[in-house]
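Hi everyone, thanks for making time. I'd like to walk you through one structure today, so let me put it up on the screen.

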Amino acid sequence: MRIDVVSIFPEYLAPLELSLIGKARQDGLLDLRVHDLREFTTDRHRTVDDTPYGGGAGMVMKPEPWAQALTAVAAGRSEDAGAPGASGSAGKPVLIVPSPAGERFTQATAHELAEEDQLVFACGRYEGIDERVLEWAADHFTVRPMSLGDYVLNGGEVAVLAMVEAIGRLLPGVVGNPESLVEESHSDGLLEYPVYTKPSSWRDRDVPAVLLSGNHGKIAQWRRHEQYRRTAERRPDLLVEFDAGKLPRADGAAFADLGYDVVDGHLVRRPDA
Ligand code: SAM
């Protein structure tokens, strides 16, 4: 996969040289390039922002440096790949514009984007990027404004670090044991069960006995029930979307204990629970 990141703070992306993503880059599994937006300005002060039309606080990122940068990134890719616009999404690279006003980035989005050939990230700063850039870019990219969550960061870089890590670890060969990607929080619509390691007794706290039993059926059942308990406790909103039709029949009782009934394949919280 090819990833291009455009930012006025390229140094902010340095952590992408570390750990599994850094290794994936070294191993040639991920071709990640960071570009300085200011390289695409033409004035002496390398200006990337100006005051907002209509007034108000803050500054807005000017359109022309973005158009220049994104054009160069798209052209660079075509030359490298030997074919113009080579990418999975209708032949266009995907342009991800981090924004608190974007669609929510989830594990499902990470899986979807991990199938693409090229992703381009446009890191906004200040009050964001002039809206016309997104309209113009739609001719060259599949444009996806994307939010990390319902809070406001100072810039898109931190969001890009999170998204690139979430997507990059799904690429074949990046995580040593692909099994570990299967049983994770959000992979099946539930949170992961609690995990433990040695010693089996630590500061008067014992690992749940079932995990030491060697009974794989019982361990699997305990883990599923812990997933239900934890999700009901911490993220009941996830259970609204959960496809209860996938549950082993006997597990309906575990949900009944947590105050949920299975109705037409969906979990419904009992009013008295
Ligand atoms: N005025 C914008 C608004 O209210 O929607 C917020 C601008 S924010 C201060 C500056 C930049 O940080 C945004 O352009 C975006 O790149 C990034 N950003 C802030 N919060 C984000 C979030 N929750 N998810 C992704 N990017 C975010």
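Before I name anything, a word on labels: when I say strand, I mean a DSSP run of E of at least two residues, and the numbering goes from the N terminus. One more thing up front: this is a predicted model.

With that in hand, let's start with a single residue. Aspartate 36 is found in strand β2. Is aspartate 36 buried or exposed? The cut-off for buried is under 20% relative accessible area, and aspartate 36 has 19% relative accessibility, so it counts as buried. Its side chain does have a partner: it reaches the backbone nitrogen of arginine 38 at 3.0 Å.

Okay, zooming out from there. Strand β2 is joined to β1, residues 2-7, by six bridges, and the two run parallel. If you want a spot to look at, find aspartate 4, which stands opposite arginine 33 in β2.

That pair belongs to something wider. Five strands make up an open sheet, and reading across you get β2-β1-β6-β5-β7, with parallel pairing. Now, why is one side of β2 and of β7 left without a neighbour in the sheet? Well, β2, which covers 31-36, and β7 stand at the edges and each has a single partner strand, so there is nothing in the sheet on the other side. From one strand to the next, the twist averages 30 degrees.

Now on to the ligand. There are 18 residues around it, and the ones that come nearest are Pro98, Glu127, Leu148, Tyr151 and Leu153. What kinds of residues make up that shell? They divide into nine nonpolar, eight polar and one charged.

Which elements supply them? At least two residues each come from β5 (94-104), β7 (142-147) and α5 (156-168). Strand β5 gives the most, with three residues. So two names from the sheet order, β5 and β7, turn up again here.

Let's look at some contacts with polar backbone atoms. At proline 98, such an atom is 2.9 Å from an oxygen of the ligand. At leucine 148, the ligand atom is a nitrogen, and the distance is 3.0 Å. At glycine 155, we are back to a ligand oxygen, this time at 3.3 Å. And how much of the ligand does the protein bury? Taken alone, the ligand exposes 580 Å², and the protein buries 82% of that.

That's my tour. Happy to rotate the view if anyone wants another look.

Methods. Residues are numbered from 1 along each chain as its sequence is written. This is a predicted model: local features need pLDDT of at least 70, side-chain atom pairs count only at pLDDT 80 or more; totals for chains, interfaces and linings use all residues. Side-chain values use heavy atoms; hydrogens and water are left out. A residue is near a molecule or strand if one of its heavy atoms lies within 4 Å of it. A polar contact is a pair of N or O atoms within 3.5 Å; within protein, one must be able to donate a hydrogen and the other to accept it, and residues adjacent in sequence count only if both atoms are side-chain atoms. Accessible areas come from the Shrake-Rupley method with a 1.4 Å probe; for residues, only the protein chains shown count as cover. Helices (H or I, at least four residues) and strands (E, at least two) are DSSP runs, numbered from the N terminus. Ala, Val, Leu, Ile, Met, Phe, Trp, Tyr, Cys and Pro count as nonpolar, Asp, Glu, Lys and Arg as charged, and the others, Gly among them, as polar. Two strands pair if DSSP finds at least two bridges between them. Axes are lines fitted to C-alpha atoms, for helices over the stretch in contact, and angles run from 0 to 180 degrees between N-to-C directions. Buried means under 20% relative accessible area, exposed over 50%, partly exposed in between (1.4 Å probe, protein chains only).
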